[in-house]
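Please find below a short note for a colleague who is opening this entry for the first time. It is meant to be read beside the sequence and the structure.

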Amino acid sequence: MKFGGTSVADLERIRRVGRLVAAEVAAGHQVAVVVSAMAGKTNELVAWTDGAGAAAQGLTPSDDEYDTVVASGEQVTAGLLAMTLRNMGLPAKSWLGWQIPIIADDAHGRARIDDIPPEKLAAALDAGEVAVIAGFQGVTRDGRIATLGRGGSDTSAVAIAAAVKAVRCDIYTDVDGVYTTDPRIEQKARKLNKISYEEMLEMASLGAKVLQTRSVELAMAQNVPVRVLSSFVEPGEAPGQGTIVCDEEEIMEKRIVSGVAYSRDEAKISVFGLPDHPGVSSSIFGALADANVNVDMIVQSHARTANTANMEFTVGKRDAARAVEIVRAAQPQVGFDDVQVNEDVAKVSVIGVGMRSHTGVAKTMFEALADKGVNIQVISTSEIKISVLIDAAYTELAVRALHAGFGLDQL
């Protein structure tokens, strides 16, 4: 079981979490619980580290001490929940990342889990103890705290479920499952009973905030079924609730399209007058890769001038200014005419494993957008996804048009 920040935002909500945990124990299950920091606490801790100031020129940033500070929020929540469970008469004990241990690499602030020896945790569970684990944190091989990046508690939960060979990992959030699209935009959005790992991975990477992308990757790699459900119910109030994220083969009826996702965190970089010969793209994207700027959609077309081309690609909005600087720095070597950035764009995508075996998805998508007067700037595809870049002003209109166009309101 994993509970996010809004689920443990105050003592009353922690007591509700305690009741949900107690219900699982009463059903005869061994239970490990992973908790996030209370809602808003991590932001407060990060602000404190910012307030400590930047490293002086020539000094290395104190990323390891940053992790020491921001990991403390989960420690508080784990202790409070363990106390609450004990006060309810349940044997419970809090565990920090170094006590299990959750062994991670030393990329502080964005560490990846290398290994979780299961022996200590398994022994506690076998003894009937509820293990309450601080999410978001691990320990490097030289004994330093390392955090897993925003949303890292999801990854902690899936990794622990895999380590102890749990039958399922339940992720409790402030929503009651995975929907065909954002219900705040489309009131006719429907909750899915099941969704494949691949579909969930695409939806998470394309802007859906339900699960962290790395947690879905790990669940798919380790074949851990994940259930997404709401923590804002009492035990037994909503039987059969939630969405199961599982292997595609476990879904009997495969939909052509399962969902519509969107992201407003996009910027389009346009490079004009590129010399049209081998090695040019490598020079630009190699420089961006060296600077850890993630590039998503890419399209290249011939320019009006002979032997030149124009190129457009997208990056995250926060990387836009840096990406333009990097491209401009390559101008003397590459010899293009100009580079421009447009941050007033959004990416809208349709996702579904059924695309593998059905034709006409692109036709339906483009017709639905054209009927609403939505112009497409860039297109990218994968085996189970089609994404388009559009003017940000048309985001909600596009989402609703695609949701209706693929009949997702009829599920």
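The points below take up the internal space, a pocket, and a few backbone features in turn.

1. Before anything else, please keep in mind that this is a predicted model, and that the values quoted here are computed from it.

2. On enclosed space, the count comes to one cavity of 30 Å³ or more, and the largest cavity holds about 40 Å³ of space. Its lining is made up of Val-158, Ile-171, Tyr-197, Leu-211, Ser-215, Val-216, Ala-219, Val-226 and Val-245.

3. Which element gives the largest share of the lining of the largest cavity? That share, three residues, comes from helix 8, which spans residues 213-222. In terms of class, the lining of the largest cavity has eight nonpolar residues and one polar residue, while no charged residue takes part.

4. The second largest pocket contains about 500 Å³ of space, and 20 residues line this pocket, with Gln-30, Val-31, Ala-166, Val-167 and Arg-168 lying nearest its centre. The elements that give two or more residues to this lining are strand 2 (32-35), helix 5 (119-126), helix 6 (152-163) and strand 9 (169-173), and among these helix 6 provides the largest share, three residues.

5. The residues that line the second largest pocket divide into 13 nonpolar, two polar and five charged. A reader who compares the two linings may wish to set this beside the lining of the largest cavity, where there are no charged residues.

6. Turning to the backbone, the peptide bond that runs from Ile-100 to Pro-101 is cis, with omega near -5 degrees. Pro-101 is placed in the loop between strand 3 (92-95) and strand 4 (103-104), which is where a reader should look for this bond in the model.

7. Asn-223 is not a glycine, and yet its phi is positive, at about 55 degrees. This residue sits in the loop between helix 8 and strand 11 (226-230). Is Asn-223 buried, partly exposed or exposed? With a relative accessible area of 46%, Asn-223 is partly exposed.

8. Asn-292 likewise has a positive phi, near 60 degrees, in a residue other than glycine, and its place is the loop between helix 9 (280-290) and strand 14 (295-302). The relative accessibility of Asn-292 is 67%, so this residue counts as exposed, given that the term applies over 50%.

Note on methods. Residues numbered from 1 in each chain as written. Predicted model: local features only at pLDDT ≥ 70, side-chain atom pairs only at ≥ 80, totals over all residues. Heavy atoms only, no water. 1 Å grid on protein atoms, 1.4 Å probe; cavity = no way out; pocket = protein on both sides within 12 Å on 5 of 7 lines; lining within 4 Å. Points joined across faces, edges and corners; volume = space filled by probe spheres on them. Helix = DSSP H or I, 4+ residues; strand = E, 2+ residues; numbered from the N terminus. Nonpolar A, V, L, I, M, F, W, Y, C, P; charged D, E, K, R; others polar. Buried < 20%, exposed > 50% of the residue type's maximum accessible area, 1.4 Å probe, protein only.
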